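Colleague: Could you take a close look at the salt bridges for me, and set out which residues pair up, where they sit and how buried they are?

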Amino acid sequence: MKKKLILPVVLSSAMLVGSIPMSSVFAQPSDSSSGQASKAWNEKASVPLFVKERYAEKFSSSTASEALSYLKQNQDKTGIPHPDKNLKVKSTQKDELGMTHVRFNQSINGVKVEGAEVVVHFNKNNEIVSVNGRTNQTIAEESVDTNATVSSDEALKAALASVNAPEELTYEPTSELVVLPFEGKNYTAYKVNVNFMGNEPGNWFVFVDAKTGEVIDQYNGLMHADEQTQKGAGKGVHGDHRELHITQVKEANAGTKFALADYSHENLGGIITYDAKNDNSFSNDTVYVGNSAAFISDYDRAAVDAHYNSEKVYEYYLNEHGRNSLDGEGMAIVSRVHYGNNYNNASWNGRWMTYGDGDGKFMISLSAGLDVAAHEMTHGVITHSANLVYRNQSGALNESFADVFGALIDDSDWEMGEDIMAPEAKASGATVLRSLSNPNGVVVSNEQRRAYSTNGGVYPDHMDEFYHMPTTVDGGGVHVNSSITNHAAYLIAQDLGREKLGKIYYRALTVYLTSNSDFSDARQAVVQSAIDLYGEGSEEEAAANAGFDAVGIY
């Protein structure tokens with residue numbers, strides 16, 4: 001097979017750590033520069049929908065047109081007026097149970113309504129058994145003018161300025177016209193995505209008013225030659241021997257060398273590890289290359305673990321859930337190691353994983369943790385499925401699902417980050433970043449976040465301890481409140497085991513959750529997934545309900 005070692009445009013979020021100093025985070029989103037606290041939207045701007053049909057009507061096929069026929073006939077049940085005019089098909093997917101799921105975006109005049117999605121679920125007999133999602137019921141055609149008077153180029157300039165973007169961007173910014181519900185009003189806006197590295201990496205989503213050019217809202221979605229693949233080996237951060245898939249490369253006047261580039265998996269674009277060379281740029285990053293097939297130097301160790309762990313996470317999703325890479329379609333999996341100096345962070349930036357080396361006091365190389373790699377790569381899975389918006393409860397769910405799959409893949413315990421803590425941190429009692437089994441056993445050491453605590457400053461394990469934060473602090477608590485739903489997952493696993501928990505949670509994420517789902521939506525999604533897989537009245541359904549009951553999510 002002949003391929004080229006190029007920089008793949010692969011997939012942003014990161015695993016933030018609330019139990020570390022403010023400068024030390026796992027993909028911490030930068031605080032919004034707007035300085036605004038989160039305000040309550042009109043409740044009708046994001047109305048949850050979950051309809052279950054006990055006597056389902058059978059259709060001739062499980063298609064988008066039949067789903068629309070059902071929605072037109074059942075506007076009273078769903079609350080969606082004129083679905084044939086107000087819904088646009090986003091995707092149609094069939095799963096391993098024979099069910100088909102048709103996902104729609106709500107739209108007006110053909111323009112997508114941000115955060116409003118509806119999913120219609122057919123069983124294998126072409127019967128519609130349920131509908132779920134969120135709709136905006138404040139919108140009427142006469143009340144929203146969807147014509148733009150500002151150009152997309154002008155919107156891009158405003159977005160770049162608002163986030164202080166550097167000249168060097170990691171990829172071309174994107175811009176999409178949407179209807180944005182914000183603080184009681186529906187705006188026609190450009191949704192601009194700007195991604196960059198540097199001292200403060202960002203994967204910003206900026207909403208620019210298409211009438212005035214003013215920035216309405218913004219949030220950082222950083223969740224932080226001839227070739228032949230062969231077997232190689234390396235030594236990881238903790239000294240573990242790792243078997244690796246690597247590639248021979250021939251460089252002019254340099255003979256044969258070996259790259260951490262794995263093309264051994266069918267229908268996968270590759271697993272490729274880059275050296276970020278301890279700077280904050282990506283333009284001079286190169287594929288990690290060694291002089292032999294044994295990567296055993298001290299500098300190699302972070303790259304060895306990143307390469308090895310990426311393959312382990314890929315294999316989990318493929319073998320357990322039939323998912324081919326993060327997007328389900330074989331996209332290349334790219335990691336960058338040795339990012340920055342003394343960088344206590346790892347992130348998924350929307351294109352690739354980035355791992356710092358740690359400062360040696362609080363953290364060591366972050367690529368040492370299989371759960372860290374699984375967390376970051378799961379953010380990529382989330383991006384290509386529910387695409388949970390990275391703030392408030394939907395952002396906390398984004399972090400929580402990444403933690404849950406991190407703990408499922410690194411299945412030795414129910415803690416996060418135990419393999420990346422430095423000796424000095426462990427000596428001071430900071431042995432993990434978060435705990436799914438005992439959230440209250442870990443202190444939120446970030447003082448800004450701890451100020452919103454009602455439980456003595458530890459991670460919450462119940463809604464009674466929910467941290468009510470403005471979006472300017474940790475995106476509304478995405479890395480703190482996630483521990484509540486983390487604990488629910490842990491409790492469910494105590495009854496059902498890891499394998500069943502993984503199957504139920506993967507289905508909830510990829511079939512039922514939508515971008516603005518909150519904790520209650522997550523409960524419905526998990527319970528319904530348990531019913532789909534194991535039957536109504538099953539012990540699995542009971543365990544799912546009990547887990548959420550125990551943490552106060554209804």
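Modeller: What follows goes through the salt bridges pair by pair and then turns to one buried polar residue. Please keep in mind that this is a predicted model.

The structure holds 23 salt bridges, among them one in which the side chains of lysine 77 and glutamate 53 meet with an N to O distance of 2.7 Å. This pair links distant parts of the chain, since lysine 77 belongs to helix α2 (residues 75-78) while glutamate 53 sits in the loop between β1 (47-52) and α1 (64-73), 24 residues apart. The two partners are not alike in their surroundings: lysine 77 has a relative accessible area of 41% and is therefore partly exposed, whereas glutamate 53, at 16%, is buried because it falls under the 20% cut-off.

Another salt bridge brings together the side chains of glutamate 117 and arginine 103, at 3.3 Å from N to O. Here the partners come from two strands, glutamate 117 from β4 (residues 111-122) and arginine 103 from β3 (residues 100-108), so that the pair ties together parts lying 14 residues apart in sequence. Both glutamate 117 and arginine 103 are buried.

A helical counterpart is found where arginine 507 forms a salt bridge with aspartate 532, with 3.0 Å between the closest N and O atoms. Arginine 507 is part of helix α12 (residues 498-512) and aspartate 532 is part of helix α13 (residues 519-534), so this pair ties together parts that are 25 residues apart in sequence. Arginine 507 is buried, with a relative accessible area of 3%, and aspartate 532 is also buried, with a value of 19% that lies under the 20% limit. Elsewhere, salt bridges with shared partners join Lys52, Arg54 and Glu536 into one network.

Beyond the salt bridges, asparagine 195 deserves a word on its polar contacts. Asparagine 195 is placed in strand β7 (residues 185-196) and, with a relative accessibility of 0%, counts as buried. Its side chain is joined to the side chain of asparagine 203 by a polar contact of 2.9 Å, and the side chain of asparagine 195 also reaches the backbone oxygen of asparagine 349, at 2.4 Å.

Terms used. Residues numbered from 1 in each chain as written. Predicted model: local features only at pLDDT ≥ 70, side-chain atom pairs only at ≥ 80, totals over all residues. Heavy atoms only, no water. Salt bridge = Lys/Arg side-chain N within 4 Å of Asp/Glu carboxyl O. Helix = DSSP H or I, 4+ residues; strand = E, 2+ residues; numbered from the N terminus. Buried < 20%, exposed > 50% of the residue type's maximum accessible area, 1.4 Å probe, protein only. Polar contact = N/O pair within 3.5 Å; in protein donor to acceptor, adjacent residues only side chain to side chain.
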